[in-house]
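Q: Please walk me through the model shown here, starting with the terms you will use.

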Amino acid sequence: MTMDKSNIDAVSLVSALRRRLETVGMSAAQASLRSGLGRSVVADILSGKSANPGISTLAKIAAALGIGVADLLAAAGAPEMGGGLAGRTVLLVIGGGIAAYKSLDLIRRLRERGALVRVVMTKAATEFVTPLAAGALSGGRVFTGLFDRDDEHDVGHIRLAREADAVVVAPATADLMARMAAGRTDDLATAVLLATRAPVLLAPAMNPKMWSHPATVRNVATLRADGIRFVGPNAGEMAERGEVGLGRMAEPLEIAAAVEAIFGGGALAGRHVIVTSGPTHEPIDPVRYLGNRSSGRQGHAIAAAAARAGARVTLVAGPVAIPDPPGVTVVHVETAGEMLDAVTAALPADAAVFAAAVADWRAARPQVEKIKKKAGGPPALALTENPDILATVAYRKKDRPRLVIGFAAETQDLLANATKKLKAKGADWIVANDVSPEAGVMGGEQNTVHIISASGIEDWPRLAKGEVAERLVAKIAAALA
Ligand SMILES: Cc1cc2nc3c(=O)[nH]c(=O)nc-3n(C[C@H](O)[C@H](O)[C@H](O)COP(=O)(O)O)c2cc1C
């Protein structure tokens with residue numbers, strides 16, 4: 001068999017065809033009828049008896065299945081045609097949430113990366129999107145019922161579970177997570193989820209009050225302990241008007257990147273990235289400290305995005321009130337001195353992103369006992385300079401990361417000050433953001449940044465911090481490639 005652009009062998013193509021026929025529930029006889037090929041020709045090809053089937057014959061069977069040759073090559077594992085999920089079967093479980101419409105785009109994103117996508121929908125999910133739409137986009141039939149005679153006869157929940165290389169639940173509703181955490185199997189989705197031994201990735205989506213409810217928090221902790229992976233939820237506006245908070249489903253591209261990362265793929269696979277995040281607290285005495293308003297949201301989002309892109313990530317986090325991102329090694333510190341020690345201990349790295357708002361000064365003589373209020377006025381507070389973590393790492397000779405990225409939080413002359421910082425600190429890029437109170441960046445959900453490098457200034461629009469993180473990680477991956 002001669003095939004351009006690919007060294008995929010006939011055996012892989014035939015087994016990709018066979019898998020696809022099974023997915024859509026089409027028999028060899030039906031494939032013969034639809035392709036116009038003789039029954040015995042199709043049967044011999046599918047059984048492997050026909051040792052060297054021509055590509056045009058295989059293309060005819062593929063066409064009967066409604067797929068093109070490129071799709072077939074991707075499913076058979078041609079990396080140049082398929083992307084990071086070539087040859088993988090991803091079982092997508094769509095739950096009954098308003099975000100189900102985004103899962104239709106997710107099907108496309110997974111297929112673009114070469115995955116064969118099988119879709120299971122909960123009964124509630126069919127209220128939000130139709131199996132017809134999901135089937136048209138996945139190129140296969142959609143499975144909905146545990147007790148559906150056709151579903152069980154053709155594939156069955158155990159086979160759906162066994163034949164998946166990864167299971168993605170998007171949107172993962174509060175209800176689905178509760179049923180999973182309890183080990184219930186009262187529908188096809190939960191039966192498959194209990195029966196599978198493939199990695200499972202959940203993309204939760206719900207109202208922020210549902211997400212932060214102790215019952216959901218408990219279920220998420222149980223599922224994490226069971227080895228279930230999570231992507232999102234993100235912060236932002238909800239479908240309900242006026243509702244803002246943590247609960248938006250991760251974007252399809254983020255979910256697709258998280259699936260790639262499961263298989264060690266992703267744009268930062270094999271890289272080590274260090275990220276600092278949050279404020280530092282510099283003690284004055286045992287109860288008082290110097291600090292700032294940084295929430296850690298931007299740095300944590302960058303760490304999470306780098307992990308989704310396949311990097312090994314060390315996040316050195318100051319005192320923050322947000323949870324550790326999944327799939328990341330987190331070192332919790334309090335002071336600038338501790339942060340510097342943790343960063344140097346984590347070297348070497350391919351890239352370091354210093355997003356923490358490190359205190360410039362600390363108390364020169366922190367007191368061991370609480371300073372007492374005395375008559376005669378407040379005590380003088382002598383300050384001393386903290387180490388400059390960005391400059392220290394950027395000027396290291398031996399193990400300087402290839403890419404050193406600093407953040408400049410300014411309230412005036414943003415670009416001029418950030419450009420000065422780039423040169424003075426020896427950084428490769430400075431991510432400059434305006435943190436004046438009216439910008440609402442400190443502690444907020446959005447950020448407007450400018451990327452300053454030797455080659456000029458890139459102005460990015462106002463974006464959710466998660467999106468800034470995704471873009472920055474894509475830029476880092478391109479620079480390291
Ligand atoms: C309009 C509407 C939107 C909903 N959106 C969500 C949602 O985003 N997240 C969620 O957890 N539940 C949501 N629900 C509730 C679920 O649909 C309900 O809990 C259902 O039983 C979930 O079934 P499933 O887990 O089998 O998919 C919504 C319900 C309605 C009527």
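A: Helices (H or I, at least four residues) and strands (E, at least two) are DSSP runs, numbered from the N terminus. Residues are numbered from 1 along each chain as its sequence is written. The model is predicted, so local features need pLDDT of at least 70 and side-chain atom pairs count only at pLDDT 80 or more, whereas totals for chains, interfaces and linings use all residues.

Q: Which residue with a positive phi follows helix 11?
A: Helix 11 covers residues 174-181. The residue that follows helix 11 has a phi near 70°, and it is G183.

Q: How many helices and strands does the chain have, and what share of its residues is buried?
A: The secondary structure comes to 20 helices and 22 strands. A residue is buried if 20 or more other C-beta atoms (placed from the backbone) lie within 10 Å of its own, exposed if 12 or fewer, and partly exposed in between. Among the 481 residues of the chain, the buried share is 46%.

Q: What is the average pLDDT of the chain, and where does pLDDT stay under 50?
A: pLDDT is the predictor's confidence in each residue, from 0 to 100. The chain averages 87, and 89% of the residues score at least 70. Where pLDDT is low, the predicted coordinates should not be read in detail. The value stays under 50 over residues 1-7 and over residues 78-82.

Q: What share of the contacts with a separation of 6 or more comes from residues 24 or more positions apart?
A: Two residues are in contact if their C-beta atoms, placed from the backbone, lie within 7 Å. Among contacts with a separation of 6 or more, residues 24 or more positions apart account for 69%.

Q: Which strands are the edge strands of the open sheet of 6 strands?
A: Two strands pair if DSSP finds at least two bridges between them. This sheet runs in the order 3-2-1-4-5-6, with parallel pairing. Pairing on one side only marks the edge strands, which are strand 3 (142-143) and strand 6 (229-230).

Q: How many bridges join strand 1 to strand 2, and how many join strand 5 to strand 6?
A: Strand 1 is largely enclosed by the rest of the structure, because 5 of its 6 residues are buried. Strands 1 and 2 run parallel, and T89 has L116 as its bridge partner in strand 2. Strands 5 (residues 200-204) and 6 also run parallel, and there L202 is partnered by F230. The bridges number 6 for strands 1 and 2, and for strands 5 and 6 they number 2.

Q: Which helices lie across strand 1?
A: Axes here are lines fitted to C-alpha atoms (for helices over the stretch in contact), and angles run from 0 to 180 degrees between N-to-C directions. One helix, residues 131-138, also lies across strand 2 (116-121) and strand 3, at about 170° to strand 2. Another, residues 252-262, also lies across strand 4 (166-172) and strand 5, at about 155° to strand 4. They are helix 8 and helix 15.

Q: Which helix gives the most residues to the shell around the ligand?
A: A residue is near a molecule or strand if its C-beta atom, placed from the backbone, lies within 6 Å of it. Of the 16 residues around the ligand, G96, G97, T122, A124 and T173 come nearest. The greatest contribution from a helix is 3 residues, and it comes from helix 11.

Q: Which residues of helix 11 are buried?
A: Their cover includes strand 4, strand 5, helix 12 (188-195), helix 13 (208-211) and helix 14 (214-225). The buried residues are A174, L176, M177, R179 and M180.

Q: Which strands stand at the edges of the sheet of 8 strands?
A: The order of this open sheet is 13-12-9-14-17-18-20-21, with mixed pairing. One side of each edge strand is left without a neighbour in the sheet, because each has a single partner: these are strand 13 (329-332) and strand 21 (456-459).

Q: What is the bridge partner of V431 in strand 20?
A: Strand 18 (residues 429-434) and strand 20 (residues 449-453) pair in the antiparallel sense over 5 bridges. In strand 20, V431 is matched with I451.

Q: Where are the prolines P233 and P348, each joined by a cis peptide bond?
A: The bond from G232 to P233 has omega near 5°, and the one joining L347 and P348 has omega of about 5°. P233 sits in the loop between strand 6 and strand 7 (234-237). P348 sits in the loop between helix 17 and strand 14.
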